[in-house]
Amino acid sequence: MKIIVPMAGRGSRLRPHSLTVPKPLIPVAGQPIVHRLVKDIVKVLNQPIEEIAFVLGDPAWFGDDVVSSLEDLAKSLGAKASIYRQDQPLGTGHAIMCAKESLSGPAVIAYADTLIRANFNLDPDADAVIWVKQVDKPEAYGVVKLNDNKEIVELVEKPEQFVSDLAVIGIYYFKEVSILKDELQKVLDNNIINGGEYQINDGIKGMMANNKIFKTGEVSEWMDCGNKAVTLETNQRMLGFLQADGDEQLIASTIKNDNSTIIEPCYIGENVMLKNATVGPNVSIGNNCVIENSTVKNSLIQNETTIKNANLDEAMIGNHVKYDGKFTKISIGDYSVLE
């Protein structure tokens, strides 16, 4: 089994945080989004993974440190890492084809801006599986249309009339992914463009036209990381799941607690100093941070940051930040937001 992960986009909806860190590498509950996604997929598949192929953007943006972290991730899962580049943002179908040397055999394709919780077995009779989540407002999503045999016969984008309430979440399984590769090559050769881009859906439609059987795999939780508000909500939900699972140590043994209170669930990284602070619930704090004379809840703070004299709720703060709630002199860069 292989996993193909297109992650070339910078994530403009998550600015300013994605100006210095690519969105898939922003941590949620202490781990980068893409790391959690790949690990969750491996857990669902419950079978050996031979290769994880990552499709990255500009090397100036996705540099050697990013490549190294992804290679370490693949190695930790017993897989080979393959790194490909998408030099132009030409769509999902184009991104997948940038990894065409890896497009053979059974494979999962997953876009790295979402997190899941799921527990199901892949249907052995299916040529492909599209992972879906039941939603309340299907008109806001791309959904699948099913026949009487519960097979997917059509993909419908933001239907004006009810088609189904099963939204496509951006994760796909192909029993033989080279068939998708062949269909996407036709899309590229014939310059089939939708929304100004080459889309995976047009390759899937080609497979359906050749009577390939598509089934659904329904996830129990689908958590977006598209913008600040939903990323904070995802961080909160993920902390709750991780606390219930009990599989990860969420609070490092190296923290220094000086007259401070931790209200779980929280993730607190290595060498964090808490002094006269109340932290939690639903807070993630990265390594080497200082929280002093402050109250922090429902927030996400990355690494090497110092927070003093603050009362934070629903805050998202990046790396190497120095914030004093009693500030009179400030230096704020582009795209910063203070509310």
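**Exercise 1. Find the residue in strand E26 that is the bridge partner of Lys308.**

Welcome to this predicted model. Start with the two strands involved: strand E23 (residues 306-308) runs parallel to E26, and three bridges join them. Next, look for Lys308 in E23. Its bridge partner in E26 is Asp324.

**Exercise 2. Work out the strand order of the open sheet that contains E26, and name its edge strands.**

Step one: the sheet has five strands, and they pair in parallel. Step two: read across it, and you meet E14-E17-E20-E23-E26 in that order. Step three: strand E14 (256-258) and strand E26 (322-324) are the edges, since each pairs on one side only. To finish, follow the twist, which averages 5° from one strand to the next.

**Exercise 3. Check whether the span of helix H4 agrees or disagrees with its number of residues.**

First, take the residues: H4 covers 177-189, which makes 13 residues. Then apply 1.5 Å a residue, counted over one less than the number of residues, so the expected span is 18 Å. Finally, compare the end C-alpha atoms: they lie 18 Å apart, so the two values agree. If you go on just past the helix, you reach Asn191, which has a positive phi of about 50°.

**Exercise 4. List the buried residues of H4, and say what covers them.**

Buried here means under 20% relative accessible area. By that cut-off, Val177, Ser178, Leu180, Glu183, Leu184 and Val187 are the buried residues of H4. Their cover includes helix H3 (92-97), strand E6 (107-110), strand E11 (166-174) and helix H5 (200-209).

**Exercise 5. Describe how H4 packs against H5.**

Two packed helices are described by the angle and the distance between their axes. For H4 and H5, the angle is about 115° and the axes are 8 Å apart. The crossing is right-handed. On the H4 side, the contact is made by Ile179, Leu180, Glu183, Leu184 and Val187, and H5 contributes Ile200, Asp202, Gly203, Ile204, Gly206 and Met207. Sorted by class, this contact has seven nonpolar, two polar and two charged residues.

**Exercise 6. Trace the pairing of strand E11 with E6 and with E8.**

Begin with E6, which pairs with E11 in the antiparallel sense over four bridges. Within that pairing, Ala110 has Ile171 of E11 as its bridge partner. Now turn to strand E8 (residues 128-134): it is also antiparallel to E11, over six bridges. Here Ile130 stands opposite Tyr172 in E11. As a last step, note the burial of E11: eight of its nine residues are buried, so the strand is mostly covered.

How values were computed. Residues numbered from 1 in each chain as written. Predicted model: local features only at pLDDT ≥ 70, side-chain atom pairs only at ≥ 80, totals over all residues. Heavy atoms only, no water. Buried < 20%, exposed > 50% of the residue type's maximum accessible area, 1.4 Å probe, protein only. Contact = heavy atoms within 4.5 Å. Axes fitted to C-alpha atoms, helices over the stretch in contact; angles between N-to-C directions. Left-handed = near helix turned anticlockwise from the far one by under 90°. Nonpolar A, V, L, I, M, F, W, Y, C, P; charged D, E, K, R; others polar. Pairing = 2+ DSSP bridges.
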